[in-house]
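The following paragraphs lead through the model one element at a time, beginning with a helix and its surroundings and ending with the chain as a whole. Please keep the sequence and the structure in view while reading.

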Amino acid sequence: MQEHAGAFTNATGRDLEQGGADQPRYRRYQFGLIAPHCGRSVLEVGAGLGEFAAQFTELPGQELDRLVLTDADPGAVELLGQRFAHRPEVEARQLALGGELSLDKPVDSVIAINVLEHIEDDAGALRGLAGLVVPGGTIVLWVPGYQQLYGEFDRRVGHVRRYTPSTLADAITRAGLQVELAKPVNLLGGIAWWAAVRRGGSTSPNPRLVSIYDRFVVPVTRAVERRVRVPFGQTVLAVARVPA
């Protein structure tokens, strides 16, 4: 179990005990974009402290039967188990992409938030995840967008790359999966990231700035993106369909 100890901190720049700045509006924004593509049983890889997963009390228009939360870091898995101990439909377990992946029963959907960019063989990782999904199920990906935004923070947390919709779609296709959606999201976040990381040289999240961003920028981002399809963003969202 001690293999991959410290993986959470290495991948996020955050400490397990301290957690990170609260971002309730950003989490709801993420959930609103991701949840509609999920089935009744869900596996999240790289679930960390369960901040996103805590929103999975139910899915839009359907009940949630099973939620499997995984992380490479055994410390994160232990905290996930404690956090969701009161929910019988949730299980926490250690899983690291690149190793052997198995489940006793496949799920309808896999979610990977800020995970794939750490993997050199991204198509291979997607093929491994597809083996955990029922035929016709989905893999929902949320990854850092655009190499122009790659900065010192990306290097420190082990990002191999940042994606565009086309490069992420290419990885999905090379994995033998069908591209259902690939688009940029969070335009204003991309501008803020460029200012803080590319121009400002920031190497770690600033809790005060994160809080300001969450309170004032995220609501504007949601309002804008409900009306127009943005051409650029801090993040690329994709949905891959496992062939039936």
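Helix H3 is packed through its buried residues against two strands, S2 (66-71) and S3 (90-94). The model is a predicted one, and in it the buried residues of H3 (residues 74-83) are Pro 74, Ala 76, Val 77 and Leu 80. These residues lie on the same side of H3, because the arc they cover around the axis is only 155°. On the face turned away from that buried side, H3 carries Glu 78 and Gln 82, which are exposed. The spacing of such faces follows from helix geometry: an α-helix has 3.6 residues a turn, so residues three or four places apart point the same way.

A comparable description can be given for helix H4. The buried residues of H4 (residues 122-130) are Asp 122, Ala 123, Ala 125, Leu 126, Leu 129 and Ala 130. Their arc around the axis is only 160°, which means that they sit on the same side of H4. What do the buried residues of H4 pack against? Their partners are strand S1 (41-45), strand S4 (107-113), strand S5 (133-144) and helix H6 (165-174).

In helix H2 (residues 24-34), the buried residues are Tyr 26, Arg 27, Tyr 29, Gln 30, Phe 31 and Ile 34. The cover over them includes S4 and S5, together with strand S6 (178-185), helix H8 (207-227) and strand S7 (235-241). Strand S7 also holds Thr 235, whose contacts give a residue-level view of this region. Leaving aside residues up to four places away in sequence, Thr 235 touches Tyr 26, Trp 142, Val 143, Pro 144, Gly 145, Lys 183, Pro 184 and Val 185. Thr 235 counts as buried because its relative accessibility is 3%, against a cut-off of under 20%.

Two asparagines deserve attention for their backbone conformation. Most residues other than glycine have a negative phi. Asn 114, however, has a positive phi, near 55°, and is located in the loop between S4 and H4. Asn 186 likewise shows a positive phi, of about 65°, although it is not a glycine; Asn 186 belongs to the loop between S6 and helix H7 (187-199). Are these two residues buried or exposed? Asn 114 is partly exposed, since its relative accessible area is 36%. Asn 186, by contrast, has a relative accessible area of 0% and is therefore buried.

The elements discussed so far belong to a chain with eight helices and seven strands. Its C-alpha trace spans about 45 × 40 × 35 Å along the principal axes. For 244 residues, a compact globule would be expected to have a radius of gyration near 18 Å, and the value of 17 Å for the chain agrees with this. Of the 244 residues, 48% are buried. Contacts between residues at least 6 apart in sequence join residues at least 24 apart in 79% of cases.

The surface and the charges complete the account. The chain exposes about 11600 Å², of which carbon and sulfur atoms supply 51%. Positive side chains number 26 and negative ones 27, with 9 Å between the centres of the two sets.

Terms used: Residues are numbered from 1 along each chain as its sequence is written. This is a predicted model: local features need pLDDT of at least 70, side-chain atom pairs count only at pLDDT 80 or more; totals for chains, interfaces and linings use all residues. Side-chain values use heavy atoms; hydrogens and water are left out. Helices (H or I, at least four residues) and strands (E, at least two) are DSSP runs, numbered from the N terminus. The radius of gyration is taken over C-alpha atoms; the globule rule is 2.2 Å times the number of residues to the power 0.38. Buried means under 20% relative accessible area, exposed over 50%, partly exposed in between (1.4 Å probe, protein chains only). Contact means heavy atoms within 4.5 Å. Accessible areas come from the Shrake-Rupley method with a 1.4 Å probe; for residues, only the protein chains shown count as cover. Lys and Arg count as positive and Asp and Glu as negative; His and the chain ends are not counted. The place of a charge is taken as NZ of Lys, CZ of Arg, CG of Asp or CD of Glu. The arc is that of the directions from the helix axis to the C-beta atoms.
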